Amino acid sequence: MLDNNGTPQNTDTTQYHSLRSYVRRFAAASLIVAALPVMAINIVWSCILLRAPLKKGKWLDIGGDVVELYSWRCGLLKNSASLINVAAGHVNFVGTPIIWEDTTVPNIRRFKSPCERAGLFDCLQLHRLTGLVAGDTASLLKKQDEQSLVKDCVMVMKIIVCRLLYKHGGIKHAKAAVFGIPFENAKMADAVSWVCDPHTDKNYCQIGYFLNANSINLAANNSALQNTLSQSNKNFVDGSGMRLAARHAGIDLADNINGTDMLPVLCEKACETGSSFFLLGAKEGIAEKAGKALQSQFEGLDIRGTHHGYFQSDDEIIEKINNSGATILLVALGSPRQEMWLEQNRHRLDCRCALAVGGLLDFFSGAIPRAPLWMRELGLEWIWRLMQEPKAKFNRYVIGNPVFLFRVYVLKQSIRGL
């Protein structure tokens, strides 16, 4: 037996896909029955307005195929009519991404999705809502296509939750500000390109910081840190807390850009551009381990030097960094020390760009494991960090997160003029 692509399928695979199709249609039919009261209201409403109840819209999926979906012309839950398409087998619940307004189309010529057909939900939606950058489109969709029905259901539930939490804030400004601190509302690829840029029009090191709930809390009680963050060359937004704050400020955020997600992409770009690294920070031996791990993962990666974060003399460290010839400096000294150190020494550094990266070296050295993907997809990586280091992170998360949410509430009320 052949599949839709003309590829032979074994009997077990055919039976599995048949079972998935049956379950999918049964689920859609059950939801239609549950939604009958809403549908009845919409039909009556349409009759009163002398309109046809349903309309058919045409969309494209990222493979370029046309997808036709029903929606109600008026009434409640207008998109619920697409359940009819699922029950009829025209689309799946989970499948090839449809190009909605906020879907990023992959830059792949004649992209061929591994999924059977278009779906109302997909992993790209989930990652778009939280700004997560965790792999290329083809790999993500292949993994999605191979997941079980249970995982399909979990994905749909995660997308619904994230839509409620992280729905669009409004306008997508390239440059914006929250809590008085400017930031770059950028895609990950653009942020990485900036780090590797020669910056030939500047005569000193370019500085980049990652804004998160903790840095906002620290800056609120530290005017020097507030000024430091405001005077950087680039600030990038990191974390679900900042996404909530931006939403209430009427800002639609692009990617969630943190040092840990950025580094693999940055290493690939560095190998292409000939950029080199110096790793500074963490406990003794951690930076060296992280450097070796990165070099084993990225062939040709140029790491010019490493040093732990427990140094006494700025002069000696700066001399070592400058003598190494590294073009990119990663500083993992913890907040607010790393930001203040960079602000004080930026004019003495010969590297082209420096980033304050917090606990990044601990992750890539293997000292602390990274949160599983499902937690990162929901913006819950902070819970994992708290579980790993309960004493060290207690103030930051258990006390700091409620404080930050209160700041977001105050921000929302001030925007509303209350």
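In this predicted model, the charged end of arginine 370 sits over the ring of phenylalanine 363, at 6.0 Å from the ring centre. A comparable arrangement is found for arginine 337, whose charged end sits over the ring of phenylalanine 311, 5.0 Å from its centre. Beyond these charge-over-ring arrangements, the structure holds 6 aromatic pairs, and the points below take up two of these pairs, a ring cluster, one helix packing and the surroundings of a threonine.

**Aromatic pairs**

- The rings of tryptophan 194 and phenylalanine 236 have centres 6.1 Å apart and planes at 65°, and because planes over 60 degrees apart count as edge-to-face, the pair is classed as edge-to-face.
- Tryptophan 194 belongs to helix α7 (residues 188-196) while phenylalanine 236 belongs to strand β8 (residues 234-237), so this pair ties together parts of the chain that are 42 residues apart in sequence.
- Tryptophan 194 and phenylalanine 236 are both buried, and ring pairs link these two residues with Phe210 into a cluster.
- Tryptophan 382 and tyrosine 397 form a tilted aromatic pair, with 6.0 Å from centre to centre and 40° between the planes.
- This tilted pair links distant parts of the chain, as tryptophan 382 lies in helix α17 (residues 381-388) and tyrosine 397 in helix α18 (residues 390-416), 15 residues apart.
- The two partners are not alike in accessibility: tryptophan 382, at 30% relative accessibility, counts as partly exposed, whereas tyrosine 397, at 8%, counts as buried.

**Packing of helices α4 and α5**

- Helix α4 (residues 123-130) packs against helix α5 (residues 137-146) at an angle of about 120°, and their axes are 9 Å apart.
- That angle makes α4 oblique to α5.
- On the α4 side the contact is made by Cys123, Leu124 and His127, and on the α5 side by Thr137, Leu140, Leu141 and Gln144.
- Sorted by class, the residues of this contact comprise 4 nonpolar and 3 polar ones, with no charged residues.

**Surroundings of threonine 130**

- Threonine 130 is found in helix α4, and its relative accessibility of 8% means that threonine 130 counts as buried.
- Leaving aside residues up to four places away in sequence, threonine 130 touches Cys162, Tyr166, Arg243, Asn256, Arg376, Glu377, Leu378 and Gly379.

Terms used: Residues are numbered from 1 along each chain as its sequence is written. This is a predicted model: local features need pLDDT of at least 70, side-chain atom pairs count only at pLDDT 80 or more; totals for chains, interfaces and linings use all residues. Side-chain values use heavy atoms; hydrogens and water are left out. Axes are lines fitted to C-alpha atoms, for helices over the stretch in contact, and angles run from 0 to 180 degrees between N-to-C directions. Helices (H or I, at least four residues) and strands (E, at least two) are DSSP runs, numbered from the N terminus. Angles under 35 degrees count as roughly parallel, over 145 as roughly antiparallel, 65 to 115 as roughly perpendicular and the rest as oblique. Contact means heavy atoms within 4.5 Å. Ala, Val, Leu, Ile, Met, Phe, Trp, Tyr, Cys and Pro count as nonpolar, Asp, Glu, Lys and Arg as charged, and the others, Gly among them, as polar. Rings of Phe, Tyr and Trp (its six-membered ring) pair if their centres lie within 6.5 Å; planes under 30 degrees apart count as stacked, over 60 as edge-to-face and the rest as tilted. Buried means under 20% relative accessible area, exposed over 50%, partly exposed in between (1.4 Å probe, protein chains only). A charge sits over a ring if NZ of Lys or CZ of Arg is within 6 Å of the ring centre and within 35 degrees of the ring normal.
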